[in-house]
Amino acid sequence: IRWCAVPFHALTAMCLSLENAAEEHEHATRVAIRRWLEYSDQKAATWLVEHYRPVVTRVISRMLSEPAQVEDAAHDVLAHVFTHLRRYRPTHAFAAWVTTLTRNLVLRRIRMQRRYQRRVDMAVSLETLHEAGIEPVDGDSNELIERRDAGVFCLGQLRRLPTNWVSIISTLLKMLPQQLLSGKWRRRLKG
């Protein structure tokens, strides 16, 4: 174990000065918020952005990988912070409020991107199924997604088969819905 050469009373003084600095920073933040809300003071807004943009960027960069997305999300979050600044309650640290707000907004952004990507994938898959002659049944989106996934899997398996087998199977698939509707298929399975 290596002992620190700094005396105990010096460490205590350093801790107290750090606490005082944190308190002073929080006080300056509250003053800037009040000046922005009451007077629309641009210097106060600039001070808030300069001091809290690194906090926002750090949280976002842990959640998103691309620098362009991080920068875009940081801009959106800071705009959201300023439009919802009246909701901030000074009973908590402003940095904690900004961090929570940032996290929630980025999670919402990620969910929206995933939904959008899922819709794009579904549209591409449905187009592929349509080209293969398989039409989805109208229904709820979960059923469509399940059918799409099954159809994509089937198409992947069909691509592995020899060409002459694919034509035979696609002919059978085209005949299958007609036989299911007429009831002949059920009679053949039972009989």
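**Asp76 and its partner**

I started with aspartate 76, which is partly exposed at 37% relative accessibility. This is a predicted model, so I kept in mind that side-chain atom pairs count only at pLDDT 80 or more. What does aspartate 76 pair with? I found a salt bridge to arginine 109, with the closest N and O atoms 2.2 Å apart. The two ends come from distant parts of the chain: aspartate 76 sits in helix α3, arginine 109 in helix α4, and their positions lie 33 residues apart in the numbering. Is arginine 109 buried or exposed? I get 18% relative accessibility, so arginine 109 counts as buried, the cut-off being under 20%.

I then checked for further partners. Asp72 joins Asp76 and Arg109 in a network of salt bridges.

**The other salt bridges**

How many salt bridges are there by this rule? I count five. I noted two more of them in detail.

Arginine 35 pairs with aspartate 41, and their closest N and O atoms are 2.6 Å apart. I looked up the accessibility of both ends. Aspartate 41 is buried at 15%, while arginine 35 is partly exposed at 42%.

Glutamate 26 bridges to arginine 30, with 4.0 Å between the closest N and O atoms. Why are these two about one helical turn apart? Both belong to helix α1 and they are four residues apart, so about one turn separates them. Here the acid is the buried end: glutamate 26 has 14% relative accessibility. Arginine 30 comes out partly exposed, with 32%.

My side note for all of these: side chains of opposite charge can pair when their charged atoms come close.

**The nonpolar core**

Next I turned to the nonpolar side. The largest nonpolar core holds 27 residues. Which of them have the most contacts inside it? I wrote down Leu48, Ile60, Leu85, Phe94 and Trp97. Then I asked which helices supply at least two residues each. The answer is α1 (8-39), α2 (42-63), α3 (67-83) and α4 (94-131). As a general reminder, nonpolar side chains tend to be buried together in soluble globular proteins.

I picked isoleucine 60 for a closer look. What does isoleucine 60 touch, leaving out residues up to four places away in sequence? My list reads Val70, Ala73, Ala74, Val77, Thr102 and Val106. Going back to the helix ranges, isoleucine 60 falls within α2 (42-63). Val70, Ala73, Ala74 and Val77 fall within α3 (67-83), and Thr102 and Val106 within α4 (94-131).

Note on methods:
Residues are numbered from 1 along each chain as its sequence is written. This is a predicted model: local features need pLDDT of at least 70, side-chain atom pairs count only at pLDDT 80 or more; totals for chains, interfaces and linings use all residues. Side-chain values use heavy atoms; hydrogens and water are left out. A nonpolar core is a set of buried Ala, Val, Leu, Ile, Met, Phe, Trp, Tyr and Cys residues joined through side-chain atoms within 4.5 Å. Buried means under 20% relative accessible area, exposed over 50%, partly exposed in between (1.4 Å probe, protein chains only). Contact means heavy atoms within 4.5 Å. A salt bridge is a side-chain nitrogen of Lys or Arg within 4 Å of a carboxyl oxygen of Asp or Glu.
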